[in-house]
Amino acid sequence: MCGIVAYVGDKEAAPILLEGLKRLEYRGYDSAGIALLDSNDELTIIKRAGKIVELEGAILDEAPTGSCGIAHTRWATHGAPNQTNAHPHFSGTCDIALVHNGIIENAGALRTMLTGVGYTFLSETDTEAVVHLIDHLWEEGEPLEHAVAAALGEVEGAYGIAVVSSRDPNKIVVARNGSPLLVGVGRNGEMLAGSDATAVIAETREVVYLDDGDYAVLTAEGYRTYHLRDGEVERSIHQVTWDLSTIEKGGYDHFMLKEIFEQPNSLRDVMRGRLLEEEGDVRLGGIADHGETLSEIRRIVITACGTSWHAGLEAEYMMEELARIPVDVEYASEFRYRNPVLEDGTLLLAISQSGETADTLAALREAKNRGAPTMGVVNAVGSTIARDTDFGIYLHAGPEIGVASTKAFTSQIVALAMFTLHMGRRRNLSALQGREFVQALKALPDQVEHLLEMNDAIRALAEEYHEASNFLYLGRGFQFPVALEGALKLKEVSYIHAEGYPAAEMKHGPIALIDAEMPVVCLAPRDPVFQKVVSNVEEVKARGGRIIAVVSDAAPELRGKVDHLITVPQTIPALQPVLTTVPLQLLAYHIALLRGTNVDQPRNLAKSVTVE
């Protein structure tokens with residue numbers, strides 16, 4: 001969570017920092033702030049509660065100058081989202097400013113020690129302890145980076161930080177441990193840093209991803225990278241392959257809607273160059289050199305959070321049915337605090353859009369410590385999970401800015417389907433079965449394009465149901481994870497209470513909730529469990545529930561039993577979730593819009609959960 005951006009060069013820093021913050025606002029929007037060093041080496045700090053527009057107004061009023069600065073947009077962890085707790089935080093003499101993403105676990109002990117030697121704390125944050133600690137440990141005549149490194153040696157927890165000081169001007173020190181941070185190598189004597197590439201893409205496409213334990217010193221002349229334990233180190237420069245237009249709204253009212261409509265292209269991109277039609281197989285470059293390891297896999301443990309966990313659940317159904325490999329799907333937040341059994345032949349598969357999800361990363365590292373081979377399915381190239389896993393698959397879905405994941409989810413399903421096909425063809429799937437699967441994959445983008453034509457019809461449906469207080473989503477087999485995901489989308493953006501359930505489990509509790517005020521979304525495509533779902537629909541109807549059924553044909557069995565039919569194209573059961581998901585995304589979007597919520601920035605949520 002939270003977004004950090006930093007700049008040093010020969011331009012006015014404030015406009016560049018503000019632009020970077022706006023591109024990072026999906027990471028947090030409780031408050032925002034900026035610290036600038038002017039030509040007299042004086043430090044100016046401006047911060048405001050609320051969204052970045054509040055900070056922008058204050059900057060326009062105060063008109064600070066300076067070509068070196070740091071900025072932050074916050075998602076509150078320690079302390080309420082107010083101006084005092086907003087970043088940057090500063091030393092008592094206001095000559096050091098620091099922004100921070102993460103959680104300092106020993107902040108309480110540091111506060112006690114620093115208070116004892118005379119420091120006064122103004123905020124409730126854990127971050128303020130770090131800036132006072134830097135000041136406390138800074139020896140006269142030493143450069144800023146020495147004081148930062150000394151302080152970080154006493155800090156426990158996760159952090160991505162950027163620090164400036166009027167005592168060592170025209171320099172920014174950044175560091176990371178468990179919270180993403182990268183350096184942007186600018187042009188014509190300028191350097192940048194950011195929580196992710198969206199913060200710096202307007203100025204440069206060349207980025208350096210810092211590893212845990214790294215810190216870097218940025219000046220207009222260049223940068224140097226160090227590791228707290230190993231001293232000066234070299235880190236590779238990576239080229240960002242997407243351009244600025246991909247993180248603009250492109251004429252859509254919201255990023256969420258844009259990303260829903262981008263799904264035909266994002267699905268084409270995840271499959272591009274990977275489908276082998278004649279062989280009924282796939283070519284996955286990220287796993288191509290690990291055939292021996294994969295041939296020895298007897299069990300897969302998938303770990304993920306939120307929407308990615310739902311994609312993992314789809315993968316469990318696919319892998320067990322089509323590749324005949326036992327799969328367990330674990331919430332990453334629980335995995336590391338258990339004593340998981342990872343016997344020989346177990347693959348740990350981590351799924352994360354950002355590649356930086358703190359709980360998923362911790363679960364991955366726990367598995368690595370136990371000697372298990374690890375695989376990642378991520379969207380963000382160069383992310384920590386992508387670098388820490390032994391091998392994996394990139395989604396190539398492009399940046400996803402809307403907090404509620406849409407195109408990443410369907411891309412994850414397709415990436416996992418291709419991995420399933422790869423494993424199945426080497427075990428029990430025939431070439432004929434493989435070709436049928438590939439043909440179904442190829443058809444998906446056009447089928448989704450057809451689905452998006454029902455946007456107006458879904459909007460009309462939303463008008464009928466947007467005042468509901470509760471929703472129930474029911475599905476069986478491959479459609480159960482879709483029910484979970486549909487409910488999550490509605491909760492995230494509309495704040496309506498919604499639950500996803502296996503349709504047969506409805507009788508074991510949730511059926512007590514059903515009445516004329518309870519809309520029930522029943523996922524009922526024509527698949528092996530269709531008739532079972534029809535029976536569940538009968539049970540809901542008998543109790544007066546209002547039913548929206550998502551079907552894949554005329555479904556005459558449901559005529560007269562449901563209030564609304566949403567018809568999606570038919571495909572093989574393993575891929576049907578891609579098509580049943582899309583109308584549920586649109587339904588959540590339009591209901592949220594009618595309820596007046598902030599679709600792209602739902603309350604209390606941030607895009608990338610990089611703190612535990």
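**View 1. Arg299 at the start of strand β18.** Arg299 is found in strand β18, which spans residues 299-304; helices (H or I, at least four residues) and strands (E, at least two) are DSSP runs, numbered from the N terminus. This is a predicted model, in which local features need pLDDT of at least 70 and side-chain atom pairs count only at pLDDT 80 or more, whereas totals for chains, interfaces and linings use all residues. Residues are numbered from 1 along each chain as its sequence is written, and side-chain values use heavy atoms, with hydrogens and water left out. With a relative accessibility of 16%, Arg299 counts as buried, a term that means under 20% relative accessible area, against over 50% for exposed and partly exposed in between (1.4 Å probe, protein chains only). The side chain of Arg299 makes a polar contact of 3.2 Å with the side chain of Glu343; such a contact is a pair of N or O atoms within 3.5 Å, where, within protein, one must be able to donate a hydrogen and the other to accept it, and residues adjacent in sequence count only if both atoms are side-chain atoms. When residues up to four places away in sequence are not counted, Arg299 touches Ile325, Pro326, Asp328, Val341, Leu342, Glu343, Gly345, Thr346 and Leu347 (contact means heavy atoms within 4.5 Å).

**View 2. Strand β20 and its pairing with β18 and β21.** All 7 of the 7 residues of strand β20 (residues 346-352) are buried, so this strand is largely enclosed by the rest of the structure. Both faces of β20 are covered, with Thr346, Leu348, Ala350 and Ser352 buried on one side and Leu347, Leu349 and Ile351 buried on the other. In a regular strand the side chains alternate between the two faces of the sheet. Strands β18 and β20 run parallel and are joined by 5 bridges, and within this pair Arg299 stands opposite Thr346 of β20; two strands pair if DSSP finds at least two bridges between them. β20 also pairs in the parallel sense with strand β21 (residues 374-378), over 5 bridges, and the bridge partner of Leu349 in β21 is Met375.

**View 3. The open sheet of 5 strands.** This sheet has the strand order β24-β23-β25-β26-β27, with parallel pairing. At its edges stand β24 (497-502) and β27 (564-567), each with a single partner strand, so one side of each is left without a neighbour in the sheet. Neighbouring strands are turned by 20 degrees against each other on average, direction ignored, where axes are lines fitted to C-alpha atoms, for helices over the stretch in contact, and angles run from 0 to 180 degrees between N-to-C directions. Strand β23 (residues 470-475) runs parallel to β24 and is joined to it by 6 bridges, and Phe471 has Ala498 as its bridge partner in β24.

**View 4. The largest nonpolar core.** A nonpolar core is a set of buried Ala, Val, Leu, Ile, Met, Phe, Trp, Tyr and Cys residues joined through side-chain atoms within 4.5 Å. Of the 92 residues in the largest one, Ile300, Phe419, Leu441, Phe471 and Tyr473 touch the most other members. Leu441 touches Met271, Leu275, Val414, Ala417, Met418 and Leu575, not counting residues up to four places away in sequence. Apart from this core lies another, of 33 residues, among them Leu21, Tyr26, Ile59 and Ile401.

**View 5. Helix α4 against the open sheet of 7 strands.** The strands of this sheet follow the order β5-β6-β7-β8-β12-β13-β14, and their pairing is antiparallel. β5 and β14 (231-233) stand at the edges, each with a single partner strand, so one side of each is left without a neighbour in the sheet. Helix α4 lies across β5, β6 and β7 and runs at about 130 degrees to β6. Of the 11 residues of α4 (residues 127-137), 9 are buried, so the helix is largely enclosed by the rest of the structure; what covers these buried residues includes β5 (89-90), β6 (96-104), α3 (107-116), α5 (144-152) and β7 (157-165). Elsewhere in the sheet, 3 bridges join strand β13 (residues 222-227) to β14 in an antiparallel run, with Val233 of β14 as the bridge partner of Thr225.

**View 6. Glu190 in the loop between β9 and β10.** Glu190 lies in the loop between β9 (182-185) and β10 (191-194), and Glu190 is buried, with a relative accessible area of 3%. A polar contact of 2.7 Å joins the side chains of Glu190 and Tyr7. Leaving aside neighbours within four places in sequence, Glu190 is in contact with Tyr7, Val8, Gly9, Asp10, Lys11, Val185, Glu203 and Ala220.
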